[in-house]
Amino acid sequence: MRELIFVTGTDTGVGKTVLSLILMQYFFRKGKKPFYLKPAQTGCIDPYDTDSDARFIYSHIPQLGGQNPADSVILCFKNPKAPFFAARDEGKVLDMEKIFKVISDRHRTSDPLIVEAAGGLMVPMTDQMLVVDFVKLLNARPLLAARAGLGTINHTLLSFESLRARGIQPAGIVFMDSGPSPTDKEMIAENIEAVRQFSGITVAGTIGAIGDFSNPGDDCFRPLEKIYG
């Protein structure tokens, strides 16, 4: 079975889409045929909007030139909220049957399929399903994007606890350090130590601020090399 990588994060705006972009570029560099999929995009009008994650991905990968970012978005809602509430604002509910079918179809033809969550693990997709429950149903190994700086120990370990409670083993953790100034190296080292000590999982590395998303530099791919070889 070809791999399904579920990208989720410890917080809103932590860098899931950037990590998804780096994953796509990484697998294209390895000669594979990855595909990016956003099951529920919130906070944009359509897949072509400036706030569309799919548009961001497609605009920085030459191999996707001329292709339609709408192919990577299953459902799209205007308000920047958890999918359940964004859908409810429009008098709708998430069509989970459609979502699972599209993911299943894309999984068979992608190498690998990269699915990006809307929000963190405890965000509601429906009135009965959190993102973490969605991960469990997909039988996916999530890749966790976490902030590099202050506060990440708490957020990362809580995210890990939600996975462990459901018997889900993450593929790895990547620190995203995209703030206006780099996080102090000693703090990053301490954060990595704490996460490893209390979760048993070693942070694969840190991805810093990126000047050119179309050419992010080899350093950005090193954490993924540790996880996916």
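**Group meeting: a walk around a predicted model**

Okay, let's start with one residue, Glu-90: its relative accessibility is 32%, so it counts as partly exposed. Before I go on, keep in mind that this is a predicted model. Now, who does Glu-90 pair with? Its partner is Lys-92, and the two form a salt bridge in which the closest N and O atoms are 3.5 Å apart. Lys-92 is partly exposed as well, because its relative accessible area is 44%, which sits between the 20% and 50% cut-offs.

If salt bridges are new to you, here's the idea: side chains of opposite charge can pair when their charged atoms come close.

Let's step back to the whole chain. How many helices and strands does it have? The count is eight helices and seven strands. Along its principal axes, the C-alpha trace spans about 45 × 40 × 35 Å. The radius of gyration is 17 Å, and a compact globule with 229 residues would come out near 17 Å, so the two agree. As for what's tucked away, 52% of the 229 residues count as buried.

Back to the salt bridges. The structure holds 12 of them, and I'll show you a few more. Look at helix α4, where you'll find both Arg-108 and Asp-105, three residues apart, or about one turn of the helix. They form a salt bridge, with 2.6 Å between the closest N and O atoms. Arg-108 counts as exposed because its relative accessibility is 54%, over the 50% cut-off. Asp-105, at 29%, counts as partly exposed.

Helix α6, residues 152-164, has a pair of its own: Glu-161 and Arg-164, again three residues apart, about one turn. Their side chains meet in a salt bridge at 2.3 Å, N to O. Both partners are partly exposed: Glu-161 has a relative accessible area of 36%, and Arg-164 has 46%.

Which residues are linked in a network of salt bridges? Those are Lys-38, Asp-53 and Glu-116.

Now for helix α7, which covers residues 185-199 and includes Glu-193. Glu-193 is partly exposed, at 47% relative accessibility. On the surface, it gathers with Asp-184, Glu-186 and Glu-190 in a patch of negative charge. Ser-199 is also placed in helix α7. Is Ser-199 buried or exposed? It's buried: its relative accessible area is 12%, and that is under the 20% cut-off. Try finding Thr-156 too: it's 43 residues away from Ser-199 along the chain, yet their C-alpha atoms are separated by 9.1 Å.

Last stop: a couple of backbone oddities. As background, most residues other than glycine have a negative phi, and most peptide bonds are trans. With that in mind, where is there a cis peptide bond? It joins Asp-111 and Pro-112, with omega at about 0°. Pro-112 is found in the loop between α4 (96-109) and β4 (113-120).

The other one is Asn-139. It isn't a glycine, but it has a positive phi of about 60°. You'll see it in the loop between α5 (131-138) and β5 (141-147). Asn-139 counts as exposed, because its relative accessibility is 70%.

That's the tour, so let's rotate the model and look at these spots together.

Methods
Residues numbered from 1 in each chain as written. Predicted model: local features only at pLDDT ≥ 70, side-chain atom pairs only at ≥ 80, totals over all residues. Heavy atoms only, no water. Patch = residues over 30% accessible without salt bridge, like charges linked within 9 Å, V, L, I, M, F, W, Y side chains within 5 Å. Areas by Shrake-Rupley, 256 points an atom, 1.4 Å probe, with all protein chains shown as cover. Salt bridge = Lys/Arg side-chain N within 4 Å of Asp/Glu carboxyl O. Lys, Arg positive; Asp, Glu negative; His and termini not counted. Charge placed at Lys NZ, Arg CZ, Asp CG, Glu CD. Helix = DSSP H or I, 4+ residues; strand = E, 2+ residues; numbered from the N terminus. Buried < 20%, exposed > 50% of the residue type's maximum accessible area, 1.4 Å probe, protein only. Rg over C-alpha atoms; globule rule 2.2 N^0.38 Å.
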